[in-house]
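Colleague: I have this model open at the bench and would like to look closely at one part of it. Could you start with a single residue and then walk me through the sheet and the pocket?

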Amino acid sequence: MGKIIEMTDDEIFSRLMDEKSMPERTLVIKRLNIPVTIKALNWKELVKIDERCTVTIDGKKVRDVEKYNAAIVVAATVRPNWGDPKLTSALKLSSGEEVVKRRLTAGEFSMLSDAVLDLSGFGDGIEEVKN
């Protein structure tokens with residue numbers, strides 16, 4: 001940890017400007033025996049998804065959790081392309097979000113969504129510096 005604290009501003013800026021700084025992870029959906037590569041989402045991406053998935057009902061903002069989780073899975077998936085026209089047309093579905101909601105089991109869908117959020121830092125991505 002000592003070397004991290006001693007980084008210069010230029011070293012910090014270099015890491016922040018690195019295009020490959022968003023982590024990726026490949027998981028396997030055992031039931032289908034297929035790899036799924038996901039990447040972390042940044043704050044701006046999550047806010048845009050949240051805005052698309054939030055409606056106002058009786059003056060209160062309510063997030064459609066199913067739509068939100070499907071959207072983050074699709075946005076974070078590097079491979080496969082859930083919205084590929086070959087896939088959506090063969091399954092007669094309108095979008096990648098519909099593919100993940102209808103072709104994955106509830107547990108697979110939930111685990112992918114959780115994995116995206118974990119990879120995006122909603123876990124242990126930050127630690128406190130101790131003196």
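Modeller: Happy to! Let's begin with Thr88, which has a relative accessibility of 10% and therefore counts as buried, since the cut-off for buried is under 20%. Please keep in mind that this is a predicted model. Thr88 belongs to helix H5, which covers residues 85-91. Setting aside the neighbours within four places in sequence, you will find Thr88 in contact with Trp82, Gly83, Leu93, Ser95, Gly96 and Val99.

Now turn to the sheet. It is an open sheet of three strands in the order E1-E2-E5, and the pairing is antiparallel. E1 and strand E5 (77-79) are at the edges, where each has a single partner strand, so one side of each has no neighbour in the sheet. From one strand to the next, the twist averages 35 degrees.

Let's take the two pairings in turn. E1 and strand E2 (residues 34-39) run antiparallel and are joined by six bridges. If you would like a place to put your cursor, try Thr26, which stands opposite Thr37 in E2. The two strands, E1 and E2, form a hairpin with four residues between them. In that turn sits Asn33, with a positive phi of about 55 degrees.

On to the other pairing: E2 and E5 are also antiparallel, and two bridges link them. Thr37 is a handy landmark here too, as it stands opposite Arg79 in E5. Lying across E2 and E5 is helix H4 (residues 65-76), which runs at about 45 degrees to E5.

Finally, the pocket. The second largest pocket holds about 190 Å³ of space. Two elements each give two or more residues to its lining, namely strand E1 (24-29) and helix H7 (106-119). Of these, H7 gives the most, with four residues. To colour the lining yourself, select Leu27, Val28, Ile29, Lys30, Glu108, Met111, Leu112 and Ala115. By character, the lining of this second largest pocket has six nonpolar residues, two charged ones and no polar ones.

If you want one strand to follow through the whole picture, take E1: it stands at an edge of the sheet, it is joined to E2 by six bridges, and it is among the elements that give two or more residues to the lining of the second largest pocket.

Technical notes:
Residues are numbered from 1 along each chain as its sequence is written. This is a predicted model: local features need pLDDT of at least 70, side-chain atom pairs count only at pLDDT 80 or more; totals for chains, interfaces and linings use all residues. Side-chain values use heavy atoms; hydrogens and water are left out. On a 1 Å grid over the protein atoms alone, a cavity is a set of points where a 1.4 Å probe fits but cannot get out, and a pocket is an open set with protein on both sides within 12 Å along at least five of seven lines; lining residues have an atom within 4 Å of a point. Grid points are joined across faces, edges and corners, and a volume is the space filled by probe spheres set on the points. Ala, Val, Leu, Ile, Met, Phe, Trp, Tyr, Cys and Pro count as nonpolar, Asp, Glu, Lys and Arg as charged, and the others, Gly among them, as polar. Buried means under 20% relative accessible area, exposed over 50%, partly exposed in between (1.4 Å probe, protein chains only). Contact means heavy atoms within 4.5 Å. Two strands pair if DSSP finds at least two bridges between them. Axes are lines fitted to C-alpha atoms, for helices over the stretch in contact, and angles run from 0 to 180 degrees between N-to-C directions.
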